[in-house]
Amino acid sequence: MNQNLDDYNFAVEVTSNFLPEQSDPQRQRYVFAYHITITNCGNLSAQLLARTWIITNGDGKAHEISGAGVVGQQPFIGPGQQHQYTSGAVLETEVGSMRGYYKMKGEDGQMFNADIKPFTLSCPNVLH
């Protein structure tokens, strides 16, 4: 039985922080960590198969990164469950942004994307 995509509802929340101990501003290297919480708000389970990120630095230079799973995992997330992980990004500028999506496979085999809304990566006191 083919389910309606409304049965798949995933919320993605992100927090990010600057890692000064891993950064080197003199070499234009700014390291950020981001913590992701993916919550299944729908009625059916799904597996996270892949991710695609579009990372844009403060100069507007963007690049895309795609790969299998997240931090080496392809988790199944059941209704009401969450999956959390932490990863990182390196920018050449003090501020930038990330956005993207997760490629998901529903329990009925249906493929869909779970969007990741844009979020900011910023050194302290750079943005007001």
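This note goes through the aromatic ring pairs, one histidine and the cysteines of a predicted model.

1. Aromatic pairs in general. A pair of aromatic rings is described by the distance of the centres and the angle of the planes. In this model the count of such pairs comes to seven. Two of them are taken up in the points below, followed by a cluster.

2. Phe 10 and Phe 112. The ring centres of Phe 10 and Phe 112 are 6.0 Å apart, and the planes meet at 35°. The pair is called tilted because this angle is neither under 30 degrees, which would count as stacked, nor over 60, which would count as edge-to-face. Phe 10 belongs to strand 1 (residues 10-18) and Phe 112 to strand 8 (residues 111-122). With their positions 102 residues apart in the sequence, the two rings link distant parts of the chain.

3. Burial of that pair. Are Phe 10 and Phe 112 buried or exposed? Phe 10 has a relative accessible area of 11% and is buried. Phe 112 is buried as well, at 10%. Both calls follow because buried means under 20% relative accessible area.

4. Phe 18 and Phe 32. Here the ring centres lie 5.5 Å apart and the planes are at 55°, so this pair is tilted. Phe 18 is in strand 1, whereas Phe 32 is in strand 2 (residues 30-40). The pair therefore ties together parts of the chain that are 14 residues apart in sequence. Phe 18 and Phe 32 are both buried.

5. A cluster of rings. Which residues do ring pairs link into a cluster? They are Tyr 34, Trp 53, Tyr 102 and Phe 119.

6. His 63. This residue sits in strand 4 (residues 62-68). Its relative accessibility is 36%, so His 63 counts as partly exposed, a class that runs between 20% and 50%. Apart from neighbours within four places in sequence, His 63 is in contact with Trp 53, Ile 54 and Ile 55. Trp 53 is also one of the residues in the ring cluster. Met 98 is 35 residues from His 63 in sequence, and the C-alpha atoms of the two are 9.9 Å apart in space.

7. Cysteines. How many disulfides does a search of the whole structure find? The number is zero. Cys 41 has a relative accessible area of 46% and is partly exposed, because that value falls short of the 50% that exposed residues must pass. Cys 123, at 7% relative accessibility, counts as buried.

Methods. Residues are numbered from 1 along each chain as its sequence is written. This is a predicted model: local features need pLDDT of at least 70, side-chain atom pairs count only at pLDDT 80 or more; totals for chains, interfaces and linings use all residues. Side-chain values use heavy atoms; hydrogens and water are left out. Helices (H or I, at least four residues) and strands (E, at least two) are DSSP runs, numbered from the N terminus. Buried means under 20% relative accessible area, exposed over 50%, partly exposed in between (1.4 Å probe, protein chains only). Contact means heavy atoms within 4.5 Å. Rings of Phe, Tyr and Trp (its six-membered ring) pair if their centres lie within 6.5 Å; planes under 30 degrees apart count as stacked, over 60 as edge-to-face and the rest as tilted. A disulfide is a pair of cysteine sulfur atoms within 2.5 Å.
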